[in-house]
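These are my notes from going through one model, entry by entry. I put down what I looked up and what I found.

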Amino acid sequence: MIKKINSKGGETHQTSENQDTDLLTTNQGIPVSDNQNSLKSGARGPTLLEDFMLREKIFHFDHERIPERIVHARGSAAHGFFELYESLVDYTSADLFQRAGEKTPVFTRFSTVAGGAGSVDTPRDVRGFAVKFYTQKGNWDLVGNNIPVFFIQDAIKFPDLIHSVKMEADRAFPQAGSAHDTFWDFASLMPETTHMLMWAMSDRTIPRSLRTIEGFGIHTFRLVNAKGKTTFVKFHWKPKLGMQSTLWDEALKLQAADNDYHRRDLWEAIDTGGFPEWELGMQLFDQKFADSLPYDVLDSTKLIPEEVLPVKIVGRMVLDRNPDNFFAETEQVAYCPANIVPGIDFSDDPLLQGRLFSYLDTQKSRLGTSNFHQIPINAPKCPMQNFQRDGMMQTMVPKGRANYEPNSLAQAGEENGPRECPFSGFKTVAGRAQADEQGDKLRIRPASFADHYSQARLFWKSQTDNERAHIASSFVFELSKVQAEHIPPRMLANLRNVDDELAKRVAAGLALELPKKTPPASEPYDLPASDALSIQKNMKQTLEGRCIGMLVADGSDLQAVSKLKKTIEKAGATVKLVAPKIGKVKFSDGQFVKPDGQLAGTPSQLFDAVVVALSVEGTRAMLRESAAVQWIMDAFGHLKAIAHSPEAKPLLDKAGVVADAGVTNMDNKFIEAAAIRQWDREPSLRTLA
Ligand code: HDE
């Protein structure tokens, strides 16, 4: 119980009635008598240095921030579990993959790459997808992205890549975006980035929700079974809701509508019991299969199409609990690809090898101490003991003298500490992924990494017409922001190796001449198209997990609104009422209802489909309200289904809505239309490249 007291000076004191449990103290446990006023010499006099309570409070506040991650600074995370469908004992001895039905706790963090911790959620950017599995045999971190390939082949180029994409060094802009000179300068000089650029310019980098992205471990890893037999593996996460993205114009407007769009979406979904779920898949193969491929499985700019090697689904991850504290958990969590458990091993992928060093190193500078593994979110949930001692912020209190090994202290009746185990301990696989070319010390790229365009071409070929138009238009948008005139032609020259039509469309969009082709290091070849690479070919026609906005105003028909709302909710979506005033709406039958959002602050970008449920009187009022006209115009422009009451028709007309399959009455037709985007509408609305 808290009592409120107003003091003579007018400030509010809240004092606790239960002094045993609710007593405010300093960090030393000293009871605080006044949390409103500093210690002064006289009522209006100077503050005294003696005020240890003030100094402690301000001192701690001054140090609240820690260095943000150099990449992936902006992120959102949640707790959950991984559940195994079937034992993988034939492939791996990893404890979490042994027993069907077993659940392993996880903490999963999603992130953008380029922006700072306070940047927006919806720039065009790759999304990080990092999962910490707290297994009974130690922590395993699968630190991946939502794209199955990467920009570069060798870790030594990572600082260059990141410097080029982050805000430019002298001017500190642009924040969180690749549409600027230095990124395209670097990218166009590095043909190995081309495949990833195709993904980055596709709708994969403007997801609708973190709940609708795929995840990939990217590198080839190894599974090792109890007999020591190894199997190569590529990890995949498949979202239960299917993939879904936004449109570029929508993503841009979302930046204004809600900086925290993805963070809020994830939080609210978990908070209201709509737990996001992904299935874990594995592409499993052996050396013979790897040798049969025309590309190198150690090259992170290459993928193995699912049509060539199917993804075996082995379990599911459910995120069912929001963090208790953002800083303690989401900010302090320290993922590291080197956190690996017996039964899983690395490959010689030179990008992965560099990452094995980087993460541990960066955690030390971010978290300030080599004891960061003791922070609760990073600590394993299985027993942990060794002879490492001391260091800054040591919170464990090891007992006895045994801080070295071997020792014989047991013979003196003392604890002698833990010992290694040659059977259950982590053992590195002796074999190499590629048996040849080992031994010599060389700074060299293998010839098998030389082809930079064939899989970029595969990606282009595998998209729908509409997706291709989006990719070409993204290149146009990004390159149109490049001020140094020599850079776009160089990018076009590279794109000619991917596909001449793509290069021509981008050149036309920029009104530039098509330059001569960059001579490729290795002549690209054609691969069969892969449907799995397209978002639109894999979208689920469902309302599950989506959010529908309903525009209402005084005079709206509550019965019609309630009926449609119920049907939408039955189909798995949530409904939010948007009205001109947040306090209440007076429906036609005289009932008052409190809406969820105010019109000007709740634009239609926030919804997957919309309903305009206005009366004659409401329509008349909204015709004079630009936010209402814009609300409908954007929903139409973003290819969303729009249901409307007959009375709202004049407002739709004013917003330029033209009847099509996505414009319906407030009936079941809307449920069908709202499950997809109206892709056919797009060519009539904007000029795509
Ligand atoms: Fe990272 N990366 N990375 N990265 N990465 C970091 O570690 C690095 C790469 C990825 O939610 C940093 O703790 C190098 C590929 C994710 O906390 C840093 C190279 C993939 C996250 C680092 C790569 C990733 C990071 C910065 C090239 C997909 C966020 C802060 C060799 C497979 C994890 C930190 C989180 C974070 C280094 C390339 C994914 C600096 C050197 C490829 C999801 O250590």
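**Entry 1: strand E10 and its neighbours**

In which sense do strands E9 and E10 pair, and over how many bridges? I found that E9 (residues 230-239) and E10 pair in the antiparallel sense, over eight bridges. I note here that the model is a predicted one. In this pairing phenylalanine 235 stands opposite methionine 282 of E10.

I then looked up the pairing of E10 with strand E11 (residues 312-321), and it is antiparallel too, over six bridges. Two of the partners I wrote down are arginine 316 of E11 for glutamate 279 and methionine 317 of E11 for tryptophan 278.

E11 also pairs with strand E3 (residues 75-84): six bridges join them, and the two run antiparallel. Here histidine 79 has arginine 321 of E11 as its bridge partner.

Next I checked burial. Eight of the nine residues of E10 (residues 277-285) are buried, so I read the strand as largely enclosed by the rest of the structure.

**Entry 2: glycine 281**

I picked one residue of E10, glycine 281. Is glycine 281 buried or exposed? Its relative accessible area is 0%, so it counts as buried. The cut-off I used for buried is under 20%.

Leaving out residues up to four places away in sequence, I listed what glycine 281 touches: Lys234, Phe235, His236, Val311, Lys312 and Ile313. Phe235 appears in this list, and phenylalanine 235 is also the residue opposite methionine 282.

I also took one long separation. Glycine 281 and methionine 491 are 210 residues apart in sequence, and their C-alpha atoms are 35 Å apart in space.

**Entry 3: the iron atom**

Which protein donor does the iron atom of the ligand have? I found a single one, the OH of Tyr359, 1.8 Å away. Tyrosine 359 is placed in helix H9 (residues 350-367).

**Entry 4: helices H11, H2 and H3**

I compared the span of helix H11 (residues 465-480) with the expected value. The helix has 16 residues and reaches 22 Å from its first C-alpha to its last, close to the 22 Å expected at 1.5 Å a residue. Of the 16 residues, 13 are buried, so I noted H11 as largely enclosed by the rest of the structure.

For a helix pair I took H2 (residues 158-165) and H3 (residues 181-189). They pack at an angle of about 145°, and their axes are 6 Å apart. From H2 the contact uses Asp160, Leu161, Ser164 and Val165, and from H3 it uses Thr182, Phe183 and Phe186. I sorted the residues of this contact into four nonpolar, two polar and one charged.

**Entry 5: the parallel sheet**

In what order do the strands of the open sheet with parallel pairing lie? I read six strands, in the order E17-E14-E13-E18-E19-E20. The edges are E17 (597-598) and E20 (663-664), each of which pairs on one side only.

At one end I looked at E19 (residues 642-644) and E20, which run parallel and are joined by two bridges. Isoleucine 642 stands opposite valine 663 of E20.

Two helices that pack on the sheet went into the notebook. Helix H14 (residues 558-570) touches E13 (547-551), E14 (574-579) and E18 (609-612), and its direction makes about 175° with that of E13. Helix H16 (residues 626-637) touches E13, E14, E18, E19 and E20, and its direction makes about 140° with that of E18.

**Entry 6: backbone checks**

I looked at cis peptide bonds and noted two. One joins phenylalanine 173 and proline 174, with omega about 0°, and proline 174 lies in the loop between H2 and H3. The other runs from glutamate 405 to proline 406, with omega near 10°, and I found proline 406 in the loop between H9 and helix H10 (454-461).

I also noted positive phi values at residues that are not glycine. Histidine 72 has a phi of about 60° and sits in the loop between helix H1 (52-62) and E3. Leucine 639 has a phi of about 65° and sits in the loop between H16 and E19. Leucine 639 is at 0% relative accessibility, so I entered it as buried.

Terms used. Residues are numbered from 1 along each chain as its sequence is written. This is a predicted model: local features need pLDDT of at least 70, side-chain atom pairs count only at pLDDT 80 or more; totals for chains, interfaces and linings use all residues. Side-chain values use heavy atoms; hydrogens and water are left out. Buried means under 20% relative accessible area, exposed over 50%, partly exposed in between (1.4 Å probe, protein chains only). Helices (H or I, at least four residues) and strands (E, at least two) are DSSP runs, numbered from the N terminus. Two strands pair if DSSP finds at least two bridges between them. Donors are N, O and S atoms within 2.8 Å of the metal (3.2 Å for Na, K and Ca); water is not among the atoms, so sites may look incomplete. The expected span of a helix is 1.5 Å times one less than its number of residues. Axes are lines fitted to C-alpha atoms, for helices over the stretch in contact, and angles run from 0 to 180 degrees between N-to-C directions. Contact means heavy atoms within 4.5 Å. Ala, Val, Leu, Ile, Met, Phe, Trp, Tyr, Cys and Pro count as nonpolar, Asp, Glu, Lys and Arg as charged, and the others, Gly among them, as polar.
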